[in-house]
Amino acid sequence: MHHCLVCASSDFKITRYGNHLNKVRPRFLFLSYGFKIVDFLYRKVGLSFLKKTWLRLVFCRNSAPVLCCNACGFARYETSLNEHDLSTYYNELYHLIRGRKTRLDQLAHLALSNTDMPQRCIDQWQFITQHSQLSLTEDWSSLEIGAGYAGLSRLLKTQFPKSSPQIIDPNTVWKTYYRALGFHQIADSFPSALLKKSSYDIVFLSHVLEHVIDPYTFLQEIKSILIEKRFLFLEVPLCDTDYWNQDKIDGPHLSFFTEKSLISLLQSQGFTFCSIYSDPSQGFLRALAQSN
Ligand SMILES: [Zn+2]
């Protein structure tokens, strides 16, 4: 019998991921058994001329159910994926599947000369500075995981030019970009043996937690690298009742959070809430927590 990772309830409803109205979703990609086939072809056979076609065809179905806890709202996509699968996916296949490789190269190049921050990053930054009880200062150490564009690190750097934000991101396309901004890309995945215990004042986690296999352990590891009483910022999609009734395709997510389940999960890992904010119209949940 399944038990909810967050509240231990065994009362679930089953839904289909990326297919909330039980329609066929030919463009929905990811996380079926086809993933293993693509991974094999990609690594062992190297059929590059077939690669893109394969990826687009094989990922066109989603086969696994999502178990949604009726007690706290936390939901899990029940796949057989392991850490290796995910690492392969994000390192090698994610942008290729989405046809983004070239665009991402251009984006990284353009982003260097563009000082206009996306509104979401600005809003996130305001949320952090409003709700952190301590003021951010020049010598604060930061880590942004799954950073991509690294908007929060950029805003920190803009405010405190002497800071040297640290970055974890699997994608090599950003390397030059990070270097030019004075960021240190210290690892491509988290947790990493390169990280020291209790060494960060703030960890940024924007739309990352829903992608990891085990959010429970992931948050434990985050807590271990945070200095006592310092901060974790995170944002995840808001997956309340309305979310499951929507007819939409979303990203390759493994966990789905409600306000209640996110609070419970963080508290169970030894975090105290400074603030949580949900925006149903834009579909996100934003939180600042402090390590105990
Ligand atoms: Zn639950």
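**Helix H10 and the sheet beneath**

Helix H10, residues 259–268, has five buried residues: Ser261, Leu262, Ser264, Leu265 and Leu266. Buried means that 20 or more other C-beta atoms, placed from the backbone, lie within 10 Å of the residue's own. Helices (H or I, at least four residues) and strands (E, at least two) are DSSP runs, numbered from the N terminus. The model is predicted: local features need pLDDT of at least 70, side-chain atom pairs count only at pLDDT 80 or more, and totals for chains, interfaces and linings use all residues. Residues are numbered from 1 along each chain as its sequence is written.

What do the buried residues of H10 pack against? They pack against helix H8 (215–225) and strands E8 (226–237), E10 (271–279) and E11 (284–291). Contact requires C-beta atoms, placed from the backbone, within 7 Å. H10 lies across E8, E10 and E11, and runs at about 165 degrees to E10. Axes are lines fitted to C-alpha atoms, for helices over the stretch in contact; angles run from 0 to 180 degrees between N-to-C directions. Just after H10, Gly270 takes a positive phi of about 85 degrees.

Now the sheet. It is open, has 7 strands in mixed pairing, and follows the order E6-E5-E4-E7-E8-E11-E10. Its edge strands, E6 (184–187) and E10, each pair on one side only. Two strands pair if DSSP finds at least two bridges between them. From one strand to the next, the twist averages 20 degrees.

At the E6 edge, E5 (residues 166–168) and E6 run parallel, joined by 3 bridges. Here Gln166 stands opposite His184 in E6. Helix H6 (residues 151–159) also packs on the sheet, touching E4 (142–145), E5 and E7 (200–206). The direction of H6 makes about 160 degrees with that of E4.

Note on methods: A residue is buried if 20 or more other C-beta atoms lie within 10 Å of its own, exposed if 12 or fewer, and partly exposed in between; C-beta atoms are placed from the backbone. Two residues are in contact if their C-beta atoms, placed from the backbone, lie within 7 Å.
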